[in-house]
Amino acid sequence: MAERLPIGGEQEGDSLLFQLLHVSCTALAGLGGLVVLGAALMVTLSVASATLGLGAIRGEFELVELSCAACASLFLPLCQLARGHVMVDVFTNWLPGAANRTIDAIWTLVFGLAWGLLCWRLFQGMVEVRGYGDRTMLLSAPIWWVYIPAVLGTGLSAVVAALQGLAALFPSTFRIGTSS
């Protein structure tokens with residue numbers, strides 16, 4: 001069965017690599033939270049302004065759309081680090097613990113490959129959209145900017161998942177704070 005990875009330096013002897021991953025993942029999630037908070041405050045201000053007869057903020061819906069798209073993947077690395085993704089182990093519950101840990105490690109590596117593929121395709125999409133010069137309708141904000149946090153989030157998720165899988169399969173070689 002999957003064991004949740006302690007976050008926040010809760011485990012004795014955390015490696016420097018694990019600490020760097022934790023700081024990076026937490027920073028990205030914090031940035032995503034600030035972006036969501038900013039979007040919520042802007043909507044609140046826009047609605048209050050419109051209610052008072054001062055008019056809504058121009059292009060507010062575009063900014064909310066862009067900010068939500070931009071920050072959605074910033075939460076993924078911390079979720080991966082904490083092993084917070086849904087795992088279904090209905091078919092492997094009867095196996096011994098060591099077999100379950102090996103299966104989880106292999107699937108975590110596959111998950112890391114999927115994150116890497118997603119990151120690569122998002123990067124390719126960003127380059128393509130930038131080449132087109134696509135912009136939003138009201139504010140003329142470049143759309144390719146939204147891809148930057150998505151590439152960062154999926155890329156860091158790929159690194160975290162790959163290191164988690166390798167650390168579970170080869171604990172003496174890769175020590176990132178996973179429990180065995």
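These legends describe close-up views of a predicted model.

**Figure 1. Overview of the all-helical chain: 5 helices and 0 strands.** Read from the N terminus, the order of elements is α-α-α-α-α. The protein has 180 residues, and 34% of them count as buried. Its exposed surface comes to about 10600 Å². Carbon and sulfur atoms supply 71% of that area. Contacts between residues at least 6 apart in sequence were also sorted by separation; 74% of them join residues at least 24 apart.

**Figure 2. Helix 1 against helix 2.** Helix 1 covers residues 16-51, and helix 2 covers residues 60-71. The two axes lie 9 Å apart, at an angle of about 165°. Angles over 145 degrees count as roughly antiparallel, so helix 1 is roughly antiparallel to helix 2. The crossing is left-handed. From helix 1, the residues in contact are G32, V35, V36, A39, M42, V43 and S46. Helix 2 meets them with E60, L63, V64, S67 and C71. By class, this contact holds 8 nonpolar, 3 polar and 1 charged residues.

**Figure 3. L63 in helix 2.** This view stays with the contact of the two helices, where L63 is one of the helix 2 residues that meet helix 1. Its relative accessibility is 32%, so L63 counts as partly exposed. Beyond four places in sequence, L63 touches M42 and L139. M42 belongs to the helix 1 side of the contact. A39 also belongs to that side. L63 and A39 are 24 residues apart in sequence, yet their C-alpha atoms lie 7.3 Å apart in space.

**Figure 4. Helix 4 against helix 5.** Helix 4 spans residues 97-132 and helix 5 spans residues 147-169. Their axes come within 7 Å and cross at roughly 160°. That angle makes helix 4 roughly antiparallel to helix 5. The crossing is left-handed. The contact of helix 4 with helix 5 has 21 nonpolar and 10 polar residues. No charged residues take part in this contact.

**Figure 5. T108, a buried residue of helix 4.** The relative accessibility of T108 is 6%. Buried means under 20%, so T108 falls in that class. Which residues does T108 contact, leaving aside its neighbours within four places in sequence? They are Q80, R83, A161, Q164 and G165. Of these, A161, Q164 and G165 fall within helix 5, residues 147-169. Q80 falls within helix 3, residues 76-81. R83 lies in the loop between helix 3 and helix 4.

**Figure 6. R83, a loop residue with positive phi.** Most residues other than glycine have a negative phi. R83 has a phi near 50°. The residue sits in the loop between helix 3 and helix 4. With a relative accessible area of 16%, R83 is buried. R83 is among the contacts of T108 in helix 4.

**Figure 7. S140, a second view of positive phi in a loop.** The phi of S140 is near 55°, and S140 is not a glycine. S140 is found in the loop between helix 4 and helix 5. Is S140 buried or partly exposed? The relative accessible area is 39%, so S140 is partly exposed. For R83, by contrast, the value is 16%, and R83 is buried.

Technical notes. Residues numbered from 1 in each chain as written. Predicted model: local features only at pLDDT ≥ 70, side-chain atom pairs only at ≥ 80, totals over all residues. Heavy atoms only, no water. Axes fitted to C-alpha atoms, helices over the stretch in contact; angles between N-to-C directions. Helix = DSSP H or I, 4+ residues; strand = E, 2+ residues; numbered from the N terminus. Parallel < 35°, antiparallel > 145°, perpendicular 65-115°, else oblique. Left-handed = near helix turned anticlockwise from the far one by under 90°. Nonpolar A, V, L, I, M, F, W, Y, C, P; charged D, E, K, R; others polar. Buried < 20%, exposed > 50% of the residue type's maximum accessible area, 1.4 Å probe, protein only. Contact = heavy atoms within 4.5 Å. Areas by Shrake-Rupley, 256 points an atom, 1.4 Å probe, with all protein chains shown as cover.
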